[in-house]
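Me: I am new to reading protein structures, and I would like to learn how to go from a picture to careful statements about it. Could we work through some features together?

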Amino acid sequence: MKKKNPPVLVMLNRWQLKAWTNYGIVLLSFASGSLITARLIHGNDERADSNRIFELLVYHTLPGKVPALESIFRDVSKLQEKHDLKVIGYWVPNDDPAWANTFIYLVAHPSQEEAKKNWAALHADPAFPQYSDQAVSIIEKVDEKYKVDEVYMRPTDYSAMK
């Protein structure tokens, strides 16, 4: 007895059903993986409306004194860390004469209140005055005030760093 081969149309429909099932499984797997990955990547983001702020400080030195200020901050950075001042980084501009005598750093604070508290603790530390005394002699003065630009900033809602 001979088996009858199913009609070509039935075989084609079975093949299409299997193909669409496979496509559905692949699509569902991709979507699930994407959602899980997105959650893992963005799971620890802070909201832009949190109290976290950043403080930008730009020190203007007397001509040629940036290396001396760098040296002072190399040691002060340890004290800053001790007093919960989270410095994001220190920078010295390159190749721009207008910025030749500047030293820049950025600090992240949980809030403005914490910033004030942590700065007060740093300034009250018995080890701090020696560094302050060294720095005042190399920071530029304008109208009897040290030329240090300081600004507190909040991150925007589209900022990568919050």
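Reply: Let us begin with one residue, keeping in mind that this is a predicted model. Lys 86 has a relative accessible area of 46%, so it is partly exposed, since that class lies between the cut-offs of 20% and 50%.

Me: With which residue does Lys 86 form a salt bridge, and how far apart are the closest N and O atoms?

Reply: The general idea is that side chains of opposite charge can pair when their charged atoms come close. In this structure Lys 86 pairs with Asp 84, and their closest N and O atoms are 3.7 Å apart, which falls within the 4 Å that a salt bridge requires. Asp 84 is itself partly exposed, with a relative accessible area of 43%.

Me: How many salt bridges does a search of the whole structure find?

Reply: The search finds 5 salt bridges, including one between Glu 144 and Lys 141, where the closest N and O atoms are 3.9 Å apart. Glu 144 is exposed, with a relative accessible area of 68%, whereas Lys 141 is partly exposed at 44%.

Me: Where do Lys 78 and Asp 75 sit with respect to each other?

Reply: Both belong to helix α2, and because they are 3 residues apart there, about one helical turn separates them. They form a salt bridge whose closest N and O atoms are 3.8 Å apart. Lys 78 is exposed, at 57% relative accessible area, while Asp 75 is partly exposed, at 33%.

Me: Which residues make the nonpolar surface patch?

Reply: To read such a patch, one looks for nonpolar side chains that are accessible and lie within 5 Å of one another. Here Ile 88, Trp 91 and Met 161 make a patch of about 280 Å². Ile 88 is found in strand β2, which covers residues 86-91, and its relative accessibility of 37% makes it partly exposed.

Me: Which residues are closest to the centre of the largest pocket?

Reply: For a pocket, one asks first about its space and then about its lining. The largest pocket holds about 410 Å³ of space. Its lining has 20 residues, and those closest to the centre are Tyr 59, Phe 73, Tyr 105, His 123 and Phe 128. By class, the lining is made of 15 nonpolar, 3 polar and 2 charged residues.

Me: Which element gives the most to that lining?

Reply: Helix α4 does, with 5 residues. At least two residues each come from β1, α2, α3, α4 and β6.

How values were computed. Residues numbered from 1 in each chain as written. Predicted model: local features only at pLDDT ≥ 70, side-chain atom pairs only at ≥ 80, totals over all residues. Heavy atoms only, no water. Patch = residues over 30% accessible without salt bridge, like charges linked within 9 Å, V, L, I, M, F, W, Y side chains within 5 Å. Areas by Shrake-Rupley, 256 points an atom, 1.4 Å probe, with all protein chains shown as cover. Salt bridge = Lys/Arg side-chain N within 4 Å of Asp/Glu carboxyl O. Helix = DSSP H or I, 4+ residues; strand = E, 2+ residues; numbered from the N terminus. Buried < 20%, exposed > 50% of the residue type's maximum accessible area, 1.4 Å probe, protein only. 1 Å grid on protein atoms, 1.4 Å probe; cavity = no way out; pocket = protein on both sides within 12 Å on 5 of 7 lines; lining within 4 Å. Points joined across faces, edges and corners; volume = space filled by probe spheres on them. Nonpolar A, V, L, I, M, F, W, Y, C, P; charged D, E, K, R; others polar.
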